[in-house]
Amino acid sequence: SIYIIYILGSRDSILIGWGTLLPIGVIIARYLRNFLCDVWFKWHIACQTLGYILGTIGWCMWLVLQNSSNHLVSKTQSTISIIHCFHIHKRTSEYV
């Protein structure tokens with residue numbers, strides 16, 4: 001069914017984006033800077049951007065799933081999630 005696609009797509013996008021690509025981007029910036037003189041910054045930006053986009057897509061899919069099925073996610077959890085997303089956006093926009 002369509003709900004299983006949303007659940008799997010949302011979970012996988014968030015895990016790959018926020019859970020894997022963002023930390024890899026941090027590791028590249030911190031530890032590979034000395035070994036990869038000119039390429040490390042491009043790899044860092046690519047991992048960070050792709051991780052943020054994939055995680056945000058997964059979060060949006062989760063919101064669509066939450067709106068279509070009230071018994072899977074509580075209103076408190078969705079409210080805290082939205083507040084947390086705006087907080088992350090505010091913190092990341094300070095550095096741009």
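**A small core and a buried histidine**

The largest nonpolar core in this predicted model has 5 residues: Leu 21, Ile 28, Ala 29, Trp 40 and Cys 47. Two elements each give two or more residues to this core, namely α1 (2-31) and α2 (40-68). Of the contributors, α1 gives the most, with 3 residues. As general background, nonpolar side chains in soluble globular proteins tend to be buried together.

Now let's follow one member of that core outward. Leaving aside residues up to four places away in sequence, Ala 29 touches Trp 40 and His 44. Trp 40 belongs to the core too, while His 44 brings us to a residue worth a visit of its own.

You will find His 44 in helix α2. Is this histidine buried or exposed? His 44 counts as buried because its relative accessibility is 15%, and the cut-off for buried is under 20%. What does His 44 touch, not counting residues up to four places away in sequence? Its contacts are Gly 25, Val 26, Ile 28 and Ala 29. Two of these names, Ile 28 and Ala 29, will be familiar from the core. With Gly 25 there is also a polar approach: a polar atom of the His 44 side chain lies 2.8 Å from the backbone oxygen of Gly 25.

Finally, a word on confidence. The average pLDDT for the chain is 77, and 71% of the residues score at least 70. Among the elements of the chain, α2 has the highest mean pLDDT (84), whereas helix α3 (residues 75-93) has the lowest (70). Where pLDDT is low, the predicted coordinates should not be read in detail.

Terms used:
Residues are numbered from 1 along each chain as its sequence is written. This is a predicted model: local features need pLDDT of at least 70, side-chain atom pairs count only at pLDDT 80 or more; totals for chains, interfaces and linings use all residues. Side-chain values use heavy atoms; hydrogens and water are left out. A nonpolar core is a set of buried Ala, Val, Leu, Ile, Met, Phe, Trp, Tyr and Cys residues joined through side-chain atoms within 4.5 Å. Buried means under 20% relative accessible area, exposed over 50%, partly exposed in between (1.4 Å probe, protein chains only). Helices (H or I, at least four residues) and strands (E, at least two) are DSSP runs, numbered from the N terminus. Contact means heavy atoms within 4.5 Å. A polar contact is a pair of N or O atoms within 3.5 Å; within protein, one must be able to donate a hydrogen and the other to accept it, and residues adjacent in sequence count only if both atoms are side-chain atoms. pLDDT is the predictor's confidence in each residue, from 0 to 100.
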